Structure formats: structure tokens, C-alpha cells
Amino acid sequence: MITRTATIGAPNGLHARPAALFVDAVEESGLDVTISFRGETADAGSLLEVLTLGAEHGDEVELATEDDGAGEALDRLVELLVRGDA
Amino acid sequence: MFGLGKKKETLLAPFAGAVVGVDQVPDPVFSQKMLGDGFAVVPAADAGTVDVVAPCAGRLAKVFNTGHAFALVSDQGLEVLVHIGLETVEMKGEGFEALAATGDHVDAGQPVIRADVAAIRAGGRDPITPVVCTKAKQVAKLVVSDGDAGPAATVTLN
């Protein structure tokens, strides 16, 4: 398993637009990714689960996947979250 | 599954108003169905405070701290998001009062959030309230009703 941490850059947190774009990117990656925040782990491919984490601007989340070859893909997802214009 | 016919879920309008397809919402996140297919309700021009109700029976997966949205998983498993107004996350809870909590089971039509529609409009924001099914794979077909009475939409589940 590989993990990455990301600090949410979107001004209003991982809300509607950023969450939708993030979940789309996860689906496009074809990976099974989880996103964890404050002890709760969500399926990063489920928009409802990602939204309900309630991660705000500046919060740190952790992405994880069992696919050890997916480091670059995970980095791109981190970049999307950090950039926050998603 | 189990040889049964396809299940359907009927969704009530979360408050009184004009029901339109989600493609009519003036925000591409909703109109392009990035958050899923659904409908939206436009409150009356003179609306003050409205009680925003659960569109169907289910468990509240999340009542957002800001009170501007809630997520529901219906008794049949359908994931539904109710988003009160556009860009209302920026109001940071002002104008919204939670009447139910995350984890609660609610009946169809049960109030979940009391929203000050006049305050939303006063802040220059659009109070149109989209109700969307966030898990596209669950939805075989979604029909928005055009009448004033009865459910706002009927969803045929996969």
C-alpha cells in the first residue's frame, strides 16, 4: 500500500465542485483509492463519501491505494487537491 | 436481484416551489450533472424562511456543519444530496439551522434544515436548491415531474 498526504487548497474545502472533479479524476485513474480524514476513511470514487468527510480548506487528508505502482497517479491526485482550483 | 422488478424511489420537492430539471441550474457543477442527475426547486420570490425536508425516507449520511446541504442514503440505498442555494457554503452557517443530525433516520417530508431564503437572496445568491443522485450507477432513469402535486421526481434504480 502507498499513501500520500494532501492539504486541501480549495477555499471552501472539498465541497461540490472540487469534490466532483477529484472523484472524476479518481475514476479516470482506474485505481481503488481511499481518502481519510479525522479517522474516517472514504472511497475516493464515491462523491457522497468524499463530500461527507467535510474536509475544509487547510485540512490534511490522506490518500491510499493498494496498487504499489500507482505512485505517480496518486501524486497527480494530491496535486489536484492541493491546487484547489479543481 | 432476486428476480424482482426494478425498484423505484420517488423524491419529494424539499420545499414548495417551481420544480425544474437539474440541467436548468445556473451552475455547471449541477447543470452538467457533475454531482449527478436530479431536479431543482426554485422558492417563491417572497419566500422568507422555509423548512427543507427529506425528499425520501432514509438515513442522514451528513448534515453539513454549515447547514447549507445534507446527504441522505434512502432506505433502498439511493444516495441523494440536497444543496440549498448556490455558493451558499460561503455563508458559513449563517441563515441555516439544522433540525436533524448526521446519522438520524428521517421520514420522507421530515424537516432537516430551516433555511432563510430571504437572507440567501439578500446576499446576492441564488436560492435554487438542487436535489441530485450522487451515485450515477444507481440510477437507471430519472423522470422529473412537471406538475405541482405529488413527487418532484421518480428514479428507477439499477
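# A short tour, starting at Asp59(A)

Select Asp59(A) to begin: this residue sits in the chain A loop that links helix 2 (47-53) to strand 4 (60-65). Keep in mind as you click around that you are looking at a predicted model.

Is Asp59(A) buried or exposed? Its relative accessibility is 14%, and buried means under 20%, so Asp59(A) counts as buried.

Now show the side chain of Asp59(A) and add Glu56(A) to your selection. A polar atom of that side chain lies 2.6 Å from the backbone nitrogen of Glu56(A).

Next, bring up the neighbours. Which residues does Asp59(A) touch, if you leave out those up to four places away in sequence? Select Ala6(A), Thr7(A) and Ile8(A), then Phe37(A) and Arg38(A), and finish with Gly54(A).

Time to zoom out and colour chain A by secondary structure. You should find three helices and four strands. Trace the chain from the N terminus and the elements come in the order β-α-β-β-α-β-α. The radius of gyration of chain A is 11 Å, close to the 12 Å given by the globule rule for 86 residues, so chain A is as compact as a globular protein of that length. Turn the C-alpha trace along its principal axes and the span is about 30 × 25 × 20 Å.

While chain A is still selected, try colouring by burial: 53% of its 86 residues are buried. Then think about who meets whom. Of the contacts in chain A with a separation of 6 or more, 69% are between residues 24 or more positions apart.

Switch on the surface of chain A. Its accessible area comes to about 4100 Å², and carbon and sulfur atoms account for 42% of that. Now colour the charges. How many positive and negative side chains does chain A have? There are 5 positive and 18 negative ones, and the centres of the two sets are 7 Å apart.

For the last stop, hop over to chain B and pick Gly67(B). You'll find Gly67(B) in the loop between strand 5 (58-63) and strand 6 (69-74) of chain B. Gly67(B) is buried, with a relative accessible area of 4%.

Add Ile84(B), Phe96(B) and Ile113(B) to the view: Gly67(B) touches these three, not counting residues up to four places away in sequence. Finally, draw a C-alpha to C-alpha distance from Gly67(B) to Thr88(B). The two are 21 residues apart in sequence and 9.2 Å apart in space.

Definitions and conventions:
Residues are numbered from 1 along each chain as its sequence is written. Chains are lettered from A and ligands numbered from 1 in the order in which they are written. This is a predicted model: local features need pLDDT of at least 70, side-chain atom pairs count only at pLDDT 80 or more; totals for chains, interfaces and linings use all residues. Side-chain values use heavy atoms; hydrogens and water are left out. Helices (H or I, at least four residues) and strands (E, at least two) are DSSP runs, numbered from the N terminus. The radius of gyration is taken over C-alpha atoms; the globule rule is 2.2 Å times the number of residues to the power 0.38. Buried means under 20% relative accessible area, exposed over 50%, partly exposed in between (1.4 Å probe, protein chains only). Contact means heavy atoms within 4.5 Å. Accessible areas come from the Shrake-Rupley method with a 1.4 Å probe; for residues, only the protein chains shown count as cover. Lys and Arg count as positive and Asp and Glu as negative; His and the chain ends are not counted. The place of a charge is taken as NZ of Lys, CZ of Arg, CG of Asp or CD of Glu. A polar contact is a pair of N or O atoms within 3.5 Å; within protein, one must be able to donate a hydrogen and the other to accept it, and residues adjacent in sequence count only if both atoms are side-chain atoms.
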